[in-house]
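Q: Please take a close look at a single part of this structure, one helix and what surrounds it. Please also explain how that part sits within the chain as a whole.

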Amino acid sequence: MIRRRIGIDTSVLVRLAIGDPPDIYARCVERLESLIADGQEIQASNQVVGEAYMTLQHHYGITKPDARAALARTLSSGLVVPQNGHAIIDALESSSGPGLLDRLIADDYTRAGLETLTLDWRMTSLPYASLV
């Protein structure tokens, strides 16, 4: 059997991270577990991770550290994995230097073989990022 990879959107990742409302959370978990049991892999893109991070803060009042921790737990749970691998978990667990969104942006560019140009000196600490 060919292993199919499936991407989730922000609404699913947010529900998995907060577990609320319980009925929708349970529906998400049940569906993902069913897909995984059938040999599928569920992934979240950098864009989805970034949007979920902002959503948790702005719509649910969750602090930045708690939002990062919730997303890291969710993406390490076995239900869904970051599309760009463990480097995204590392970015979520990092609390100094560039912010999470900057890290996700630079990660996407680096994976595409691009250098990141920025006006943010903190971002230049990331590989392949430099000041304009």
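A: The answer below begins with the chain, turns to one helix and its packing, and ends with the sheet and the loops.

The model is a predicted one. The chain contains six helices and five strands. Read along the sequence, these elements follow the pattern β-α-α-β-α-α-β-α-α-β-β. The radius of gyration is 16 Å, close to the 14 Å that the globule rule gives for 132 residues, so the chain is as compact as a globular protein of that length. Along its principal axes, the C-alpha trace spans about 45 × 40 × 20 Å. Of the 132 residues, 39% count as buried. Among contacts between residues at least 6 apart in sequence, 55% join residues at least 24 apart. The chain exposes about 7,700 Å², of which carbon and sulfur atoms supply 53%.

The part chosen for the close look is helix α6, which comprises residues 100–111. With 12 residues at 1.5 Å a residue, α6 should span 16 Å, and its end C-alpha atoms are indeed 16 Å apart, which agrees. The buried residues of this helix are L100, D102, R103, L104, A106 and D107. The list thus includes residues written with the letters D and R as well as L and A. These buried residues pack against three helices, α3, α4 (64–75) and α5 (86–93), and against the strand β4. After α6 comes G113, whose phi is positive, near 80°.

One residue of α3 shows the packing in detail. G50 is found in helix α3, which covers residues 46–60. Is G50 buried or exposed? G50 has a relative accessible area of 6%, and a residue counts as buried under 20%, so G50 is buried. Leaving aside its neighbours within four places in sequence, G50 is in contact with L101 and L104. Of these two partners, L104 is itself among the buried residues of α6. Position in the sequence can also be set beside position in space: G50 and E30 are 20 residues apart in sequence and 24 Å apart in space, C-alpha to C-alpha.

The sheet is considered next. Three strands form an open sheet in the order β1-β2-β3, and the pairing is parallel. β1 (5–7) and β3 (81–82) stand at the edges, each with a single partner strand, so one side of each is left without a neighbour in the sheet. Strand β2, residues 41–44, pairs with β3 in the parallel sense over two bridges. In one of the pairings, Q43 has V81 of β3 as its bridge partner.

Two loops deserve a final remark on the backbone. Most residues other than glycine have a negative phi, and most peptide bonds are trans. The peptide bond from D20 to P21 is cis, with omega near -5°. P21 is found in the loop between α1 (10–18) and α2 (22–37). Y128, although not a glycine, has a positive phi of about 60°. Y128 is placed in the loop between β4 (116–118) and β5 (129–131). At 58% relative accessibility, Y128 counts as exposed, whereas G50 in α3 is buried.

Note on methods:
Residues numbered from 1 in each chain as written. Predicted model: local features only at pLDDT ≥ 70, side-chain atom pairs only at ≥ 80, totals over all residues. Heavy atoms only, no water. Pairing = 2+ DSSP bridges. Helix = DSSP H or I, 4+ residues; strand = E, 2+ residues; numbered from the N terminus. Buried < 20%, exposed > 50% of the residue type's maximum accessible area, 1.4 Å probe, protein only. Contact = heavy atoms within 4.5 Å. Expected span 1.5 Å × (residues − 1). Rg over C-alpha atoms; globule rule 2.2 N^0.38 Å. Areas by Shrake-Rupley, 256 points an atom, 1.4 Å probe, with all protein chains shown as cover.
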